[in-house]
Amino acid sequence: MLRHDVPGAVRKPMSTARVFRVACLALGLTLLGASCTGPQQDASRSGVRGGTLQVLSAEPEVTLDTAGFYSPAMARAYARTLYGYNLAGPPDQATVPVPDIAAGPPQRSADQRTYTFTLRAGVRYAPPVNREVTAQDFITAVQRLYDKKISLSGQGYADLIAGATAFGAGKASRISGLAAPDAHTLTITLDQPAPDLLSILTLSYFAPVPGEYAASYAAGDNYSGHVVGSGPYTPTTYIPGRSVVLVRNPNWDPATDPLRKAWVDRIQVRLGVSISSIQRAIHREEADLSLNSHVPQARVAALRADPERSRRLSVNPTGSLLFLVLGTHRAAGAIADVRVRRAVNYAVDKVAYRDAIAGRYAATGELASTIMAPGSLGYHHYDLYPTPGGRGDPAKARALLAEAGYPHGLALGFATLGSGRLAAGRKPIEESLKRAGIRLKVTTNKEWDPHFEALRNPAKRLEHQLAQGGWILEYLGDNARQSIPPLYDGRLPPTDNFSEYNNPAVNRLIDRALAEPDRARRAALWGELDQRIMRDAPMVPLLWENFSFLWASRVHGWVYDPWAVGPDLTAVWLDPPSP
């Protein structure tokens, strides 16, 4: 997904024009490993029940209706799903989906297309619904994703289900691939095998919705004001752009929920708070924690050196990538030559870029060289275009340009942003490419949608031979479906494939990886795809971004949620419970 530049912002849906969000990451799957700065969780002492958690969020555009642009951190508190994730277990298992409302692993058909789930008994909605969650509620949730009054939301995932696209197009009255033989049995049949389905089902798009109740409200903001919780909390207040209040679901039984502790009685969230205001409020202990990355880079070293405050500091991976888009279309001019694209990869000073954008929000991230994020199934570190210290190699770049027929350098169009944090990345890119003999003709776009719309315009190919870009993930683990196909499958509509990359061999390998049932072989295929695409150099990977958090001294049990790129609100407890 492309990104909005709010650290820790609401994750937007797959394959839309809103995917620009951007790791102190250990290699492989040690996502929450010791290489990250500060505690990934504060697990000291046993929890204390009670109190009101005061939460701040910089994101104003939050809905509670999980069919729309929901907040993953808040949704975990009130919207349970068939599968979830255990943040209290071993760190290397935090991205492995586990049963939540599902009573156990599903039965799978021989062709790997049909999944049969048995629901856990005793999972009940809050008032006024007051009944048990049923299989039909999951069908209702998927149907609502195709409501014409809301955005695309989770349709990109739901389209995997047989009959879903026909339903969305109005050609069928039901989704043929969904069935509820009884209240506690749900079957999902896919058009094609999707071995990553369980990871997809952790997303709150697929949280159950009581149809008989939700039918009284329009999808989106209207239903957001009336959402009823299936988790330990339920919303009681929703004022768009201002506040959300979650209180205990009196019908929640902790014996039915293996993934949430739910220590506090009440969660109050203020929306649309500026990052600077969040910083001050946490420092003064006028709030407990933030959903957004907010610790300025300049403060990180001092906080680390403070024995008490270092316990309350955490610098965390996001899986979000900042990169340069490089055009590949034959009408894109010189950049269509792979040797020129490789020269650009060698020329960029990634360290200078990292330092330029570090700024106010978070500790500097890790230099990137791959498409897939650390923590993704199939990821392994490699660098096809290494440079000394990540500072660029102008000599290597000039040699490739000469080989391509540009011994005296060349000029390329560069589309960048005129405002926002990433605008600071323009200068180091210009300067490092200039050292390699590449002069940039700069076009400045407004953030965000105008920038992306310009990149989609074929008539402007020569303006954006290079362009700033970025990608965020909705979950880590078995997640390559989110990054490689939307960016580089040339058969798909060019919604996010700004490079206009189309390699038939890569397209066929994508099909194999998406259908491969064996996890290890699937990982190997995605890893092979990553390197195969990077040999064609349709991008310059720049930076894996980190998010940094500090919390108040009365907060304990703080755990980083890599799926929500923020704190797990159901894990924290307060001592004292009252301010």
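Tutor: Buried means a relative accessible area under 20%, exposed means over 50%, and partly exposed covers what lies in between, for a 1.4 Å probe and protein chains only. This is a predicted model, in which local features need pLDDT of at least 70 and side-chain atom pairs count only at pLDDT 80 or more, while totals for chains, interfaces and linings use all residues. Residues are numbered from 1 along each chain as its sequence is written, and side-chain values use heavy atoms, with hydrogens and water left out.

Student: How do you know whether Tyr223 is buried or exposed?

Tutor: Tyr223 has 4% relative accessibility, and since the limit for buried is under 20%, Tyr223 counts as buried. Tyr217, with a relative accessible area of 25%, is partly exposed, because that class lies between the two limits.

Student: Why is the aromatic pair of Tyr217 and Tyr223 given the name it has?

Tutor: Rings of Phe, Tyr and Trp (its six-membered ring) pair if their centres lie within 6.5 Å, and planes under 30 degrees apart count as stacked, over 60 as edge-to-face and the rest as tilted. Tyr217 and Tyr223 stand 6.3 Å apart, centre to centre, with 40° between the planes, so their pair falls into the remaining class and is called tilted.

Student: What makes the pair of Tyr115 and Phe117 stacked?

Tutor: Their centres are 6.4 Å apart and their planes differ by 10°, so both the distance limit and the limit for stacked planes are met. Tyr115 and Phe117 are both buried. The structure holds 16 aromatic pairs, and Phe549, Trp551, Trp558 and Tyr560 form one aromatic cluster.

Student: How do you know that Ala397, Leu400 and Leu401 lie on the same side of H13?

Tutor: Helices (H or I, at least four residues) and strands (E, at least two) are DSSP runs, numbered from the N terminus, and H13 spans residues 394–403. Its residues Ala397, Leu400 and Leu401 are buried. They cover an arc of only 100° around the axis (taken from the directions from the helix axis to the C-beta atoms), which puts them on the same side of H13. The face turned away from that buried side carries the exposed residues Ala395 and Glu403, while the buried residues pack against helix H11 (338–347), strand S14 (410–417) and strand S15 (438–445).

Student: Why are S13 and S15 said to stand at the edges?

Tutor: Six strands form an open sheet of mixed pairing, in the order S13-S17-S12-S16-S14-S15. S13 (366–367) and S15 each have a single partner strand, so one side of each is left without a neighbour in the sheet.

Student: What makes S13 and S17 a pair?

Tutor: Two strands pair if DSSP finds at least two bridges between them; S13 and S17 (residues 539–550) have two bridges, in the antiparallel sense, so the requirement is met. Leu367 stands opposite Leu543 in S17.

Student: How many bridges join S1 to S10, and how many join S1 to S11?

Tutor: S1 (residues 52–56) runs parallel to S10 (residues 266–270), with five bridges, and parallel to S11 (residues 289–290), with two bridges, so both satisfy the rule for pairing. Leu56 has Arg270 as its bridge partner in S10 and Ser290 in S11.

Conventions
Contact means heavy atoms within 4.5 Å.
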